[in-house]
Amino acid sequence: MLSMTDTPINTFIPYFAETNTAVAFLVPTPTGYEKSIMDATKPLRELLKFAGVHDYEKQGQGQKNKVVIESHFVTKDDVIDTTASLYRPNTKHGDPRIWFSDLKKYCKPCNLLAILIFDKSLYVINLSDKEIQDSLKNHGHVYSYLQLSLSEYVSVAEELLEKLREIHKRGFIPSITKGDPGVGDTLENALGIQRNNKKIPDYKGIELKASRITKNGEKKATTRSTLFTKVPDSGLTYSEILDKYGKVQIPRGRTEARKQIYETLSTQKYNAYGLKFEVDYDGDKLNMIDDAKPTPNIVSSWNFNILRKTLLTKHHETFWVKAASEMREDWEYFRYDKVIHTKNPNTLLLAPLIENGEITADLAAHIKPDGSYRDHGLLFKILPQNIRDLLSDEKMYDLASNE
């Protein structure tokens, strides 16, 4: 839906970043505009859910289960009262829908609409409107609504921080799983939430990323943190990349050979499988290319617009939790000691950070002995010291302290 917008979304990201504003975007398609129907996108559904306004997952289908929410259209110098209808039709799978009364008087098809929440009400800002754009740029009336929305979400971060302090007081907790995932699985279990393999945040809109900082009292080597996973948008699929470029190798710690491709992708050099990244600024794409001579082939591509949306959805607000680790009778225990709290990634920097090698990606796929295919997703990663280059409003907390 956002790909149809008549106004580039990235123009406005800095305004939402500098005010720490939680926001979702909608674009009324020409067909939806005429039928008075818009899809309630996943970011909008998550925004409504963690703000305590509405949960589509609990809503029944049909008009009898429709929910009407107080809403407002923001203009250059005022607001116009309206209502939002939230419903799931009886047709298809009951895909979530939303529509604002008198929307046709406020915008046109393909306009870019920002949705904010303040005091349990929805505020719609037409970012395609020139006068609204000027009000934002000049920190005028429209900009003030970005600042107002901040207070709605402070309590969620404070709530999570207090829970983490209580977990820290428990001392070392036995891991619920073996291996690398244990540090994250154990934290989520302690918080009473299930392991999250989806592209949505973990705790009421806040993403959780846990990592080890010490092991048996010794400082652990710095490792990259996963930002998100994303398969290619075009070109070869993950399994086709494995088929064409994978190698038969014996994995470390195993005795049987298998066809696999486990390697890092960056723009800096070709990896052991003859693959690297290339940033195409003109096409707004990230390409994976091979080392074919005389001209490299484009193997697969990712649309940067989609990567930016993925980053914004996954890391709108993140707690990077650091844990001390120790082994007791061949079992790992964790004590969660520190938190780095970040908000509102500067998605405009995604391409430059990939270009200069600060953000890389890991290929991780193989053919199992029974012939079936297995992959762990293409993991986009960043070193902890580079997180502040991408994610703004960094704050650090010592969980042993109340400050």
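Analyst: A polar contact is a pair of N or O atoms within 3.5 Å; within protein, one atom must be able to donate a hydrogen and the other to accept it. The model discussed here is a predicted one. With that cut-off in hand, the start of helix 9 can be read.

User: Which residue caps the N-terminal end of helix 9?

Analyst: The cap is Asn303. One of its side-chain oxygens lies 2.7 Å from the backbone nitrogen of Asn305, and that distance falls within the 3.5 Å limit for a polar contact.

User: Is helix 9 mostly covered or mostly open, and how many of its residues are buried?

Analyst: Buried means under 20% relative accessible area. By that standard eight of the eleven residues of helix 9 are buried, and the helix is mostly covered. The buried residues are Phe304, Asn305, Leu307, Arg308, Thr310, Leu311, Leu312 and Lys314. Asn305, the partner of the cap, is therefore one of the residues that count as under 20%.

User: How is helix 7 read in the same way, and why is it described as largely enclosed?

Analyst: Helix 7 covers residues 182-191, and eight of its ten residues are buried, so the rest of the structure largely encloses it. Those buried residues are Gly182, Val183, Gly184, Asp185, Thr186, Leu187, Glu188 and Leu191. After the helix comes Gly192, which has a positive phi near 80 degrees.

User: What is the strand order in the open sheet of four strands?

Analyst: Two strands pair if at least two bridges are found between them. Here the order is 12-17-16-15, and the pairing is antiparallel. Strand 12 (234-235) and strand 15 (275-280) are the edge strands, each pairing on one side only.

User: How many bridges join strand 15 and strand 16?

Analyst: Six bridges join them, in the antiparallel sense, with strand 16 spanning residues 285-290. Two of the partners can be traced in the model: Leu275 is bridged to Asp290, and Lys276 to Ile289. The hairpin of these two strands has four residues between the strands, and Asp284 takes a positive phi there, near 55 degrees.

User: What lies on the other side of strand 16, and how many bridges are there?

Analyst: Strand 17 pairs with strand 16 over five bridges, again in the antiparallel sense. For Asn287 the bridge partner in strand 17 is Ser301. Five of the six residues of strand 16 are buried, so this strand is largely enclosed by the rest of the structure.

User: Which strands does helix 8 lie across?

Analyst: Helix 8 (residues 238-245) lies across strand 12, strand 15, strand 16 and strand 17 (298-303), and runs at about 155 degrees to strand 17. Helix 9 (residues 304-314) also packs on the sheet; it touches strand 15, strand 16 and strand 17, and its direction makes about 50 degrees with that of strand 17.

User: Which residues have the most contacts inside the largest nonpolar core?

Analyst: They are Phe25, Ile98, Phe100 and Leu122, in a core of 50 residues. Strand 6 (residues 113-118) supplies the largest share of this core, five residues. Leaving aside residues up to four places away in sequence, Phe100 touches several residues, among them Leu26, Met38, Phe73, Ile115, Leu122 and Val124. A second, separate core has 36 residues and includes Tyr273, Trp320, Phe380 and Ile387.

User: How many disulfides does the structure hold?

Analyst: A disulfide is a covalent bond between the sulfur atoms of two cysteines. The structure holds zero disulfides. For Cys107, the closest cysteine sulfur is in Cys110, 10.0 Å away, which is too far for a bond. Cys107 is buried, with a relative accessible area of 3%. Cys110 is buried too, at 16%.

User: Where is Asp375 found, by strand number, and is Asp375 buried or exposed?

Analyst: Asp375 is found in strand 21 (residues 373-375). Its relative accessible area is 28%, so it falls in between and is called partly exposed. The side chain of Asp375 makes a polar contact of 2.9 Å with the side chain of Tyr373. Beyond residues up to four places away in sequence, Asp375 touches Tyr238, Ala364 and Ala365. From Asp375 to Lys276, 99 residues apart along the chain, the C-alpha separation is 19 Å.

Technical notes:
Residues are numbered from 1 along each chain as its sequence is written. This is a predicted model: local features need pLDDT of at least 70, side-chain atom pairs count only at pLDDT 80 or more; totals for chains, interfaces and linings use all residues. Side-chain values use heavy atoms; hydrogens and water are left out. Buried means under 20% relative accessible area, exposed over 50%, partly exposed in between (1.4 Å probe, protein chains only). Contact means heavy atoms within 4.5 Å. Axes are lines fitted to C-alpha atoms, for helices over the stretch in contact, and angles run from 0 to 180 degrees between N-to-C directions. A nonpolar core is a set of buried Ala, Val, Leu, Ile, Met, Phe, Trp, Tyr and Cys residues joined through side-chain atoms within 4.5 Å. A disulfide is a pair of cysteine sulfur atoms within 2.5 Å.
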